[in-house]
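Welcome, and please get your viewer ready for a short tour. Load the model, pick a representation you like, and follow along from stop to stop.

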Amino acid sequence: MVLSFELHFSQCILDKKLPLLEQALVKVNTSDPDAISAIISCFSHIPNLKEESPCHKMKIINLCFSRRTIEEIISTLESEALDKKDEWISSTIQSLKKASPTSLKISLRSIREGRLQGVGSCLVREYQMACHVLRGEFSKDVLEGYRAIFIDRDRNPKWEPSRLELIRDDDVDRYFSKIDDEDWEDLKLPPRLDLPRYAIAKL
């Protein structure tokens with residue numbers, strides 16, 4: 001079931017209410033986002049947010065992270081940093097610039113694709129991506145990250161490629177391709193036989 005949860009970002013659902021929410025969603029035979037959002041609202045409440053909570057930053061998050069590329073996201077954050085002194089913006093820019101450029105590119109692509117997919121498709125895609133990353137066929141960045149944090153502990157990883165502009169679209173495409181190994185299989189999720197057919201189709 002593909003939904004926009006933007007309206008519910010500042011709300012939460014208690015663990016004890018999750019089974020009731022699931023039952024309510026299973027019973028409704030509709031894909032209308034407004035109807036489903038109304039059901040979610042019935043089981044949610046607004047928590048007491050800490051002052052530093054990202055929920056208070058939704059305006060800047062939506063402005064910056066709606067950009068098409070990682071480069072544009074960072075550029076927009078930097079522009080906002082010039083206009084206002086904000087520790088969250090500064091730390092976000094720093095975190096993005098420290099991260100593996102390859103990881104940033106494939107993560108953004110995965111998030112964008114996931115917005116149009118159900119949970120099952122997302123899990124299959126992310127399993128495939130993780131296998132590519134761990135096999136290290138295209139990049140050794142995950143091993144370099146482990147070295148910098150857990151082995152040498154210098155916290156100074158040497159990413160390869162080292163800059164975002166050195167990563168082409170077809171470099172990113174490879175992480176979303178089937179693994180070239182006759183013994184490798186896609187992730188197979190067990191069927192939810194306890195759900196109605198229309199509900200299974202939405203997952």
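## First stop: Ile70 and the core

Select Ile70: leaving aside residues up to four places away in sequence, Ile70 touches Leu104, Lys105, Leu108 and Leu164, where a contact means heavy atoms within 4.5 Å. Before going further, note that this is a predicted model, in which local features need pLDDT of at least 70 and side-chain atom pairs count only at pLDDT 80 or more, while totals for chains, interfaces and linings use all residues. Residues are numbered from 1 along each chain as its sequence is written, and side-chain values use heavy atoms, with hydrogens and water left out.

Now add Ile73, Leu77 and Leu96 to your selection. Together with Ile70, these touch the most other members of the largest nonpolar core, which has 14 residues. Helices H3 (58-65), H4, H5 and H6 each supply at least two residues of this core. A second, separate core has seven residues, including Leu21, Leu25, Val28 and Ile40. A nonpolar core here is a set of buried Ala, Val, Leu, Ile, Met, Phe, Trp, Tyr and Cys residues joined through side-chain atoms within 4.5 Å. Buried means under 20% relative accessible area, exposed over 50%, and partly exposed in between (1.4 Å probe, protein chains only). In soluble globular proteins, nonpolar side chains tend to be buried together.

## Zoom out: the whole chain

Switch to a cartoon view. The protein chain has 10 helices and zero strands; both are DSSP runs numbered from the N terminus, helices being H or I with at least four residues and strands E with at least two. Of the 203 residues, 33% are buried. Among contacts with a separation of 6 or more, 64% are between residues 24 or more positions apart. The accessible surface is about 14100 Å², and carbon and sulfur atoms hold 55% of it; such areas come from the Shrake-Rupley method with a 1.4 Å probe, and for residues only the protein chains shown count as cover.

## Helix H6 and its cover

Select residues 101-114, which make up helix H6. How far apart are the end C-alpha atoms of H6? They are 20 Å apart, in agreement with the 20 Å expected for 14 residues at 1.5 Å a residue; the expected span is 1.5 Å times one less than the number of residues. Colour the buried residues of H6 next: Pro101, Thr102, Leu104, Lys105, Ile106, Leu108, Ser110 and Gly114. Their cover includes H4 (70-83), H5 (87-98), H7 (119-135), H8 and H9 (169-173).

## Salt bridges across the sequence

The structure holds 18 salt bridges, each a side-chain nitrogen of Lys or Arg within 4 Å of a carboxyl oxygen of Asp or Glu. Show Asp86 and Lys57, whose side chains meet in one of these at 2.8 Å, N to O. Asp86 is in the loop between H4 and H5 and Lys57 in the loop between H2 (33-43) and H3, so the pair ties together parts 29 residues apart in sequence. Is Asp86 buried or exposed? At 16% relative accessibility, Asp86 counts as buried.

Then go to Asp181 and Arg135, a salt bridge with its closest N and O atoms 3.5 Å apart. Asp181 is in the loop between H9 and H10 (197-202) and Arg135 is in H7, so this pair ties together parts 46 residues apart in sequence.

## H8 and the loop after it

Move to H8 (residues 141-151), which gives the most to a nonpolar surface patch, with five residues. The patch consists of Leu134, Leu143, Tyr146, Ile149, Phe150 and Ile151, with about 660 Å² of accessible area together. Patches are made of residues with over 30% relative accessible area and no salt bridge, with like charges joined within 9 Å and nonpolar side chains (Val, Leu, Ile, Met, Phe, Trp, Tyr) within 5 Å.

Next, select Glu144, Arg147, Asp152 and Asp154, which are linked in a network of salt bridges. Within it, the side chains of Arg147 and Asp152 meet at 2.8 Å, N to O.

Finish with backbone geometry in the loop between H8 and H9, where Arg153 lies. Most residues other than glycine have a negative phi, and most peptide bonds are trans. Arg153 has a positive phi of about 55°, and Arg155, found in that loop too, has one of about 50°. For your last selection, take Glu160 and Pro161: a cis peptide bond joins them, with omega about -5°.
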